[in-house]
Amino acid sequence: MLIDIHSHHPPEASSNLCFLEGLHSLGIHPWELREDQAMDSVEKRFGELKKRLNPEILAIGECGLDRARAGLWPISEQLAVLEWHMQWSHSTKRPLILHCVRAHSDLLMLLKKKNYHEGKILLHDYNGNLTEAMKFLDYDTYFSFGPSFFRKNSKTPQVFKTLPRERVFLETDDQKDYSIEAIYAKACKILKVDQKTLEELMEKNLLTFFSDLNDVSASDLIANLRTRS
Ligand SMILES: [Zn+2]
């Protein structure tokens, strides 16, 4: 079984376990925090999202910070929205799925300020460097990788290889050029392990990642997801 920890598209092969944005996680993406959006309309939307929480929602997000994209709110306001998600994640014991682009130091500062040690975090499509990654390990942080493995001169294979193996995941995200099968195959090459070993590692990581859930049993849920797909 292949695990796709973060995707915006339903899986093509039914034997895979795929965590879909909007179906298994809820949040406000930083790209939605556009300059033409008023704070109170975003606040209202967040309130509506909170009402949609149900036992199939396993994570909070995708939310986060983005300094690279033009036309978004200033980082101080993005941080405020991220704090709402952190509180929601903490109170519902669901991990946070984070999008973070050129804002790793802002995120580290926030985690430090909040002394955030009571909730798990997934830095999806991790694109920071290794030094930053090591600082994130002081918190309960996981990292997921996928399409960026295939980019020319990509640093992510090296980062993926160096991180503790119990803190990594694989994902397809919002693209369709690389399937989760292709991403697993690439990851096997990078780590120099066979597919079975990698599959076992990811399944183990998944259970740890969702181990704080108390109103849903992650293992039941995974079994259900498997039979339903
Ligand atoms: Zn995404």
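In this predicted model, the buried residues of helix α3 are covered by several other elements, which include β4, α2 (75–92), β5, β6 and α4 (130–136). Those buried residues of α3 are His 104, Asp 106, Leu 107, Leu 108, Leu 110 and Leu 111. Just after α3 comes Asn 115, which has a positive phi near 50°.

Asp 106 deserves a separate description. Asp 106 belongs to helix α3, which spans residues 104–114. Its relative accessible area is 11%, and a residue counts as buried under 20%, so Asp 106 is buried. When residues up to four places away in sequence are not counted, Asp 106 touches Leu 65, Arg 67, Ile 75 and Leu 79. Ser 7 stands 99 residues from Asp 106 along the chain, and the C-alpha atoms of the two are separated by 25 Å.

**The sheet**

The model contains an open sheet of six strands in the order β3-β4-β5-β6-β7-β8, and the pairing is parallel. Strands β3 (25–26) and β8 form the edges, each pairing on one side only.

Strand β4 can be followed through its pairings. Two bridges join β3 and β4 in the parallel sense. Strand β4 also runs parallel to β5 (residues 96–101), with six bridges between the two. Strand β7, in turn, runs parallel to β6, and three bridges join this pair. The table lists residues that face each other across these pairs.

| Residue | Partner |
|---|---|
| Ser 25 | Ala 59 in β4 |
| Leu 26 | Ile 60 in β4 |
| Gly 64 | His 99 in β5 |
| Leu 123 | Phe 143 in β7 |

How many of the eight residues of β4 are buried? Eight of the eight are buried, and β4 is therefore largely enclosed by the rest of the structure. Strand β7 is likewise mostly covered, as five of its five residues are buried.

The side chains of a regular strand alternate between the two faces of the sheet. In β7, Thr 141, Phe 143 and Phe 145 point one way, whereas Tyr 142 and Ser 144 point the other way. All of these residues are buried.

**Helices α6 and α7**

Helix α7 (residues 195–209) lies across three strands of the sheet, namely β6 (121–123), β7 (141–145) and β8. Relative to β8, α7 runs at about 110°.

Two packed helices are described by the angle between their axes and the distance between the axes. For α6 and α7, the axes come within 10 Å and cross at roughly 100°. Angles of 65 to 115 degrees count as roughly perpendicular, and α6 and α7 are therefore roughly perpendicular to each other. From α6, the residues Tyr 184, Ala 187, Cys 188 and Leu 191 take part in the contact. They meet Gln 195, Leu 198, Glu 199 and Met 202 in α7.

**The zinc site**

Which residues coordinate the zinc ion? The zinc ion is coordinated by His 6 through NE2, His 8 through NE2, Glu 62 through OE and Asp 173 through OD, at 2.1 to 2.3 Å. The four donor atoms subtend angles of 83 to 170° around the zinc ion, and the arrangement is irregular because of these angles. Four donors would count as tetrahedral if all angles lay between 85 and 135 degrees.

Along the sequence, the spacing of the donor residues is H-x1-H-x53-E-x110-D. The pair Glu 62 and Asp 173 links distant parts of the chain, 111 residues apart. Glu 62 is in strand β4 (residues 59–66), while Asp 173 is in the loop between β8 (168–170) and α6 (180–191). Both Glu 62 and Asp 173 are buried.

**Thr 172, in the loop between β8 and α6**

Thr 172 is found in the loop between β8 and α6. Is Thr 172 buried or exposed? Its relative accessibility is 7%, so Thr 172 counts as buried. Apart from neighbours within four places in sequence, Thr 172 is in contact with Asp 4, His 6, Ser 7, Pro 147, Tyr 178, Ser 179, Ile 180 and Ile 183. One of these contacts, His 6, is also a donor residue of the zinc ion. Ser 211 is 39 residues from Thr 172 along the chain, and their C-alpha atoms are separated by 23 Å.

Conventions:
Residues are numbered from 1 along each chain as its sequence is written. This is a predicted model: local features need pLDDT of at least 70, side-chain atom pairs count only at pLDDT 80 or more; totals for chains, interfaces and linings use all residues. Side-chain values use heavy atoms; hydrogens and water are left out. Donors are N, O and S atoms within 2.8 Å of the metal (3.2 Å for Na, K and Ca); water is not among the atoms, so sites may look incomplete. Four donors count as tetrahedral if all angles lie between 85 and 135 degrees; four count as square planar and six as octahedral if opposite donors are over 155 degrees apart and all others between 65 and 115; anything else is irregular. Helices (H or I, at least four residues) and strands (E, at least two) are DSSP runs, numbered from the N terminus. Buried means under 20% relative accessible area, exposed over 50%, partly exposed in between (1.4 Å probe, protein chains only). Two strands pair if DSSP finds at least two bridges between them. Contact means heavy atoms within 4.5 Å. Axes are lines fitted to C-alpha atoms, for helices over the stretch in contact, and angles run from 0 to 180 degrees between N-to-C directions. Angles under 35 degrees count as roughly parallel, over 145 as roughly antiparallel, 65 to 115 as roughly perpendicular and the rest as oblique.
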